[in-house]
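Colleague: I would like a close look at a single part of this model. Please describe one strand in detail, with its cover and its partners.

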Amino acid sequence: MITTEHLKIYPATQKQMEAFILAVTDSELKKAYMEMLEKGLQNPSQWNWYAMWQIELKDGTHIGELCFKGLSNDGVAEIGYGIQEAHQRYGYATEAVKAVLAWAFSFKEVTAIEAEVTIENIASQKVLAKCGFIANGHVGEEGPRCICK
């Protein structure tokens, strides 16, 4: 578990991920989380790189999720995150991303963390900039890609 000034951040268990997947109504999100769960189960020693991470306030209130999309052989992981609308604009996404970046970079094999953000999502672009991400000149399915080293 990672703790910050306001948050507790930790990888979900298999049961937590399964329950979350059952509750998700967005088919694309459901598919992505199912793939992450399968990869985590296939690679138990890499669970934290595939698990959905829970983001909670210190009082236990669940406010969002964060995930890595695996760790490549060259030490690069992609990060994704979301904060529930009622808890946005309090700096929680920035606080969570900074905390998990510190965790990720504590592993010597991690060389970079990447992210992809839609052009319309100005708030997420600001989070990434505050966390040290810079545009890498590539565009993915969702939009411009950024990297943090």
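Modeller: The account below takes one strand, β3, and then turns to a pair of helices. The model is a predicted one. Strand β3 comprises residues 52-57, and 6 of its 6 residues are buried, so that the strand is mostly covered, where buried means under 20% relative accessible area. The cover extends to both faces of β3. Met52, Gln54 and Glu56 lie on one side, Trp53, Ile55 and Leu57 lie on the other, and all are buried.

β3 has strand partners as follows. Strand β2 (residues 7-11) is joined to β3 by 5 bridges, and the two run antiparallel. In this pairing Ile9 stands opposite Ile55 of β3. Strand β4 (residues 62-71) is likewise joined to β3 by 5 bridges and runs antiparallel to it; here Met52 stands opposite Cys67 of β4. β3 and β4 form a hairpin with 4 residues between them. Gly60, in the turn, has a positive phi of about 95°.

As for the helices, α1 (residues 14-23) and α2 (residues 27-42) pack at an angle of about 160°, with their axes 10 Å apart. Because angles over 145 degrees count as roughly antiparallel, α1 is roughly antiparallel to α2. The crossing of α1 past α2 is left-handed. To the contact α1 contributes Gln14, Met17, Glu18, Phe20, Ile21 and Leu22, while α2 contributes Lys30, Tyr33, Met34, Met36, Leu37 and Leu41. By class, this contact of α1 with α2 has 9 nonpolar, 1 polar and 2 charged residues.

Key: Residues numbered from 1 in each chain as written. Predicted model: local features only at pLDDT ≥ 70, side-chain atom pairs only at ≥ 80, totals over all residues. Heavy atoms only, no water. Axes fitted to C-alpha atoms, helices over the stretch in contact; angles between N-to-C directions. Parallel < 35°, antiparallel > 145°, perpendicular 65-115°, else oblique. Left-handed = near helix turned anticlockwise from the far one by under 90°. Contact = heavy atoms within 4.5 Å. Nonpolar A, V, L, I, M, F, W, Y, C, P; charged D, E, K, R; others polar. Buried < 20%, exposed > 50% of the residue type's maximum accessible area, 1.4 Å probe, protein only. Pairing = 2+ DSSP bridges.
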